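Me: I would like to learn how to read the features of a structural model. Please take me through one, giving the general idea before each case.

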Amino acid sequence: MWDDLTLLGFGAMGWGHALFTAATTTVAVSACAFALGLAIGTLCAWAKLSGPAPLRRLAEVYGVVLRGIPDLLVIYLFYFGGRQVATTVAGLFGHHGPVEISGFAAGAIAIGLISGAGQTEVLRGAYQAISPGTLEAAKVGGMTRWTMFRRIIAPQALPTALPGLNNQWQSAIKESALVSVTGLVETMREVGIAAGSTELPFLFYAAGIVIYLIITSLSGLVFRTAEWRAMRSQMPARAR
Amino acid sequence: MDIHFLLGLIPTLLSGLPLTLELTVFSLLGGGVIALLLNGLRAGSIVGARVADFYVFLFRGSPLLLQIFLIYYAPGQFSFIRHSFVWPFLREPYVCALLALMLNDAAYTSEIIRAGLRAAPRGAIEAAVVGGMSPLTRLRRVILPLAFRQALPAYGIEITGMLKSTSLASVVTLMDVTGIASAEVSQTYRAIEVFLTAAVIYLVLVTLVTYGVQRLEGWLSPTRTPLSARSAA
């Protein structure tokens with residue numbers, strides 16, 4: 001069994017390069033999804049906190065629906081559903097036969113929408129934790145809404161939101177494994193291919209677990225460092 | 001979208017509902033037992049606590065789909081497993097999927113239980129000691145009720161999470177609601193209608209569970225019957 005370990009290396013017989021490329025794809029899909037989720041989360045948190053009634057209702061329905069559907073079904077809907085729509089639309093323009101769509105894009109959008117529902121709650125909670133006095137002071141001081149967001153809201157809400165955002169990021173990485181069903185060659189798919197062609201499923205699926213553990217631990221460390229730095233700048237202000 | 005197709009679709013998909021519910025209930029039960037064992041291990045010794053920590057790190061840091069594939073495909077690599085008595089079980093996709101779901105659920109649930117057990121304030125425990133409660137009575141009347149109430153919201157999310165996670169069992173050929181939906185799509189090519197209908201089924205289930213847990217939370221809240229009102233009655 002130990003001879004098989006060279007198969008994980010970067011040599012001529014090794015799967016190292018393929019696994020490394022796949023791992024970067026996993027990080028890329030997760031990062032795109034997380035960024036999309038952050039944008040959606042910010043908008044929905046705003047809508048829920050101080051948006052007009054129809055938008056608030058919309059944000060609530062979005063949250064309930066996305067948190068009530070299995071992640072796998074959301075990805076199926078975007079990938080196979082997207083293909084169905086693309087094929088129908090292409091048919092109207094005289095193109096016949098199925099149209100392929102990108103697994104990367106469908107996956108990133110699907111996970112982004114799931115992540116957005118979670119990030120909405122994280123950001124909303126972080127905003128509500130801001131002491132109202134500072135907001136009143138900013139208003140009385142004559143700050144514009146944008147200045148207030150930049151100088152009062154964001155610096156106070158972000159440190160509170162970081163642990164929650166870290167959780168959402170970790171979920172996005174794990175959900176990205178489901179994108180393998182679209183045929184996108186990310187970590188999950190690559191270890192599956194390797195396991196099949198070498199007939200060493202234990203070796204490669206275990207290696208896959210290790211790759212995910214490395215990605216989640218390293219990025220968790222980044223979040224915790226950011227949290228520590230953000231909190232450090234707040235400490236003296238609180239003590240004063 | 002034709003209505004006949006949809007009307008025929010709903011009973012087809014619902015035929016996978018028993019398997020979905022069965023997987024959810026069994027994985028929560030099995031996961032709960034393992035989670036309790038993990039907490040016992042954690043309380044037992046420092047080595048035990050490290051083992052429990054590593055278990056949680058392993059199962060929370062990697063995707064459930066990969067865990068299912070590892071348990072389903074990996075034993076076949078070793079001839080000593082293929083020739084042992086467990087092989088007839090480990091060959092079954094149902095057993096593998098359920099095992100993966102249980103082990104995964106245990107990692108999350110053990111953390112929920114751990115947080116719950118820390119919910120009892122020091123004052124309450126001291127009061128129980130001073131009041132002459134035996135350790136067992138203390139556990140039964142002070143620590144566990146507080147832990148249960150504290151853990152309930154997080155556990156509610158875990159229940160719905162497992163309900164949704166059972167859909168992954170479909171990738172190892174199990175015919176739960178998602179498995180039937182996938183099979184239906186490969187026959188009819190109507191991905192949107194079929195997957196949306198399946199999504200609605202899950203949405204209804206999740207909403208029902210969420211509502212039930214919220215009712216239970218309200219019922220168990222101390223504000224429901226204030227102490228003063230109770231003593232007055």
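Me: How far apart are the end C-alpha atoms of residues 53-73 of chain B, and how much of the span is helix?

Reply: Helices (H or I, at least four residues) and strands (E, at least two) are DSSP runs, numbered from the N terminus. In residues 53-73 of chain B, 86% is helix and 0% strand, and the end C-alpha atoms lie 26 Å apart. For residues 194-213 of chain B, the end C-alpha atoms are 29 Å apart, with 100% helix and 0% strand. UniProt, in an unreviewed entry, places the feature "transmembrane region" at residues 20-41, 53-73 and 194-213 of chain B. UniProt positions follow the numbering used here, feature names are shortened, and annotations may be inferred rather than shown by experiment.

Me: On what basis should these values be read?

Reply: This is a predicted model, in which local features need pLDDT of at least 70 and side-chain atom pairs count only at pLDDT 80 or more, while totals for chains, interfaces and linings use all residues. Residues are numbered from 1 along each chain as its sequence is written, chains are lettered from A and ligands numbered from 1 in the order in which they are written, and side-chain values use heavy atoms, with hydrogens and water left out.

Me: How many aromatic pairs are there over all chains?

Reply: A pair of aromatic rings is described by the distance of the centres and the angle of the planes. Rings of Phe, Tyr and Trp (its six-membered ring) pair if their centres lie within 6.5 Å; planes under 30 degrees apart count as stacked, over 60 as edge-to-face and the rest as tilted. The count over all chains is 16 aromatic pairs. One of them joins Y79(A) and F80(A) edge-to-face, at 5.0 Å centre to centre and 75° between the planes. Another pair, F54(B) with F57(B), is tilted, with 6.2 Å between centres and 40° between the planes. F54(B) and F57(B) are three residues apart in helix α3 (residues 46-60) of chain B, so about one helical turn separates them.

Me: Which residues do ring pairs link into a cluster?

Reply: The cluster consists of Y76(A), Y79(A), F80(A) and F195(B). Y79(A) counts as buried, at 7% relative accessibility; buried means under 20% relative accessible area, exposed over 50%, and partly exposed in between (1.4 Å probe, protein chains only).

Me: How many salt bridges are there over all chains?

Reply: Side chains of opposite charge can pair when their charged atoms come close. A salt bridge is a side-chain nitrogen of Lys or Arg within 4 Å of a carboxyl oxygen of Asp or Glu. By this rule there are eight salt bridges over all chains. In one of them, R67(A) meets E121(A) at 4.0 Å, N to O. Because R67(A) lies in helix α2 and E121(A) in helix α4 (residues 103-128) of chain A, this pair ties together parts 54 residues apart in sequence. E121(A) also forms a salt bridge with R124(A), with the closest N and O atoms 3.0 Å apart. Both E121(A) and R124(A) are in helix α4 of chain A, three residues apart, about one turn of the helix.

Me: Is R42(B), the salt-bridge partner of D53(B), buried or exposed?

Reply: R42(B) counts as buried, at 14% relative accessibility, whereas D53(B) is partly exposed at 37%. The closest N and O atoms of D53(B) and R42(B) are 2.7 Å apart.
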